[in-house]
Amino acid sequence: MTFRVIKQILDSNLNLTAVNDRYESLLKRKDGKELIDTICEFIKCNMSVNQTAHNLFVHRNTLNNRLLRIKKLFELDPKNTEDLFQLFIGYISFYYPKFQE
């Protein structure tokens, strides 16, 4: 995905407040960075549990537990493509505010 496409998505009137608030609160948690890294790696691995677990050097059960915690925290299921897309766009809008200028 190019930066131009990302900027166009972020320039649209998506309501990402709830997702961004959850990312903000996640940073305050002891396991927050770990869960954010898990979301990013899961996206990079095209939702492959085995590949994500391998890349994060964790057992697939550990990964599934993290994905369950993410689901509860965000009220979005990372194993659902539409929900994962919201997590991804929320991540981009939270971590790359320069795109919104």
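Colleague: In which loop does Phe57 lie?

Modeller: This is a predicted model: local features need pLDDT of at least 70, side-chain atom pairs count only at pLDDT 80 or more, and totals for chains, interfaces and linings use all residues. Residues are numbered from 1 along each chain as its sequence is written, and side-chain values use heavy atoms, leaving out hydrogens and water. Helices (H or I, at least four residues) and strands (E, at least two) are DSSP runs, numbered from the N terminus. On that basis, Phe57 sits in the loop between α4 and α5.

Colleague: Is Phe57 buried or exposed?

Modeller: Phe57 is not a glycine, yet has a positive phi of about 60°. Most residues other than glycine have a negative phi. Buried means under 20% relative accessible area, exposed over 50%, and partly exposed in between (1.4 Å probe, protein chains only). With a relative accessible area of 75%, Phe57 is exposed.

Colleague: What is the relative accessibility of Met47?

Modeller: Met47 lies in the loop between α3 and α4. Its phi is positive, about 65°, although Met47 is not a glycine. Met47 counts as partly exposed, because its relative accessibility is 27%.

Colleague: What pattern does the protein follow along the sequence?

Modeller: The protein has six helices and zero strands. Read along the sequence, this gives α-α-α-α-α-α.

Colleague: Which elements give two or more residues to the largest nonpolar core?

Modeller: A nonpolar core is a set of buried Ala, Val, Leu, Ile, Met, Phe, Trp, Tyr and Cys residues joined through side-chain atoms within 4.5 Å. The largest has 21 residues, with the most contacts inside it made by Tyr23, Ile70, Phe74 and Leu87. The elements that give two or more residues to it are α2, α3 (32-44), α4 (49-56), α5 (60-74) and α6.

Colleague: How many residues separate Tyr23 and Phe94 along the chain?

Modeller: Rings of Phe, Tyr and Trp (its six-membered ring) pair if their centres lie within 6.5 Å; planes under 30 degrees apart count as stacked, over 60 as edge-to-face and the rest as tilted. By this rule there are three aromatic pairs. The rings of Tyr23 and Phe94 are stacked, because their centres are 5.9 Å apart and their planes are at 20°. Tyr23 in helix α2 (residues 17-27) and Phe94 in helix α6 (residues 81-95) belong to distant parts of the chain, and the separation is 71 residues.

Colleague: Which residues do the ring pairs link into a cluster?

Modeller: Tyr23 counts as buried, because its relative accessibility is 0%. Contact means heavy atoms within 4.5 Å. Beyond neighbours within four places in sequence, Phe74 is in contact with Val19, Arg22, Tyr23, Leu26, Ile39 and Leu87. The cluster built by ring pairs consists of Tyr23, Phe74, Tyr91 and Phe94.

Colleague: How far apart are the C-alpha atoms of Phe94 and Val19?

Modeller: Phe94 lies in helix α6. Leaving aside neighbours within four places in sequence, Phe94 is in contact with Asn20, Tyr23, Glu24 and Leu27. Phe94 and Val19 are 75 residues apart along the chain, and their C-alpha separation is 8.6 Å.

Colleague: Which residue caps the N-terminal end of α6?

Modeller: α6 has 15 residues and reaches 21 Å from its first C-alpha to its last, close to the expected 21 Å (1.5 Å times one less than its number of residues). Its buried residues include Asp83, Leu84, Leu87 and Gly90. At the N-terminal end, a side-chain oxygen lies 2.9 Å from the backbone nitrogen of Glu82, and the capping residue is Asn80.

Colleague: What is the C-alpha distance between Leu84 and Ile39?

Modeller: Leu84 counts as buried, because its relative accessibility is 8%. Not counting residues up to four places away in sequence, Leu84 touches Phe42, Ile43, Met47, Asp77 and Pro78. Leu84 and Ile39 are 45 residues apart in sequence, and in space, C-alpha to C-alpha, 8.4 Å.

Colleague: Which side chain has a polar contact of 3.1 Å with that of Arg66?

Modeller: Arg66 is in helix α5 and counts as buried, because its relative accessibility is 10%. A polar contact is a pair of N or O atoms within 3.5 Å; within protein, one must be able to donate a hydrogen and the other to accept it, and residues adjacent in sequence count only if both atoms are side-chain atoms. At 3.1 Å, the partner of Arg66 is Thr38.

Colleague: How many disulfides are there?

Modeller: Cys40 counts as buried at 15% relative accessibility, and Cys45 is buried at 10%. A disulfide is a pair of cysteine sulfur atoms within 2.5 Å. By this rule, the count is zero.
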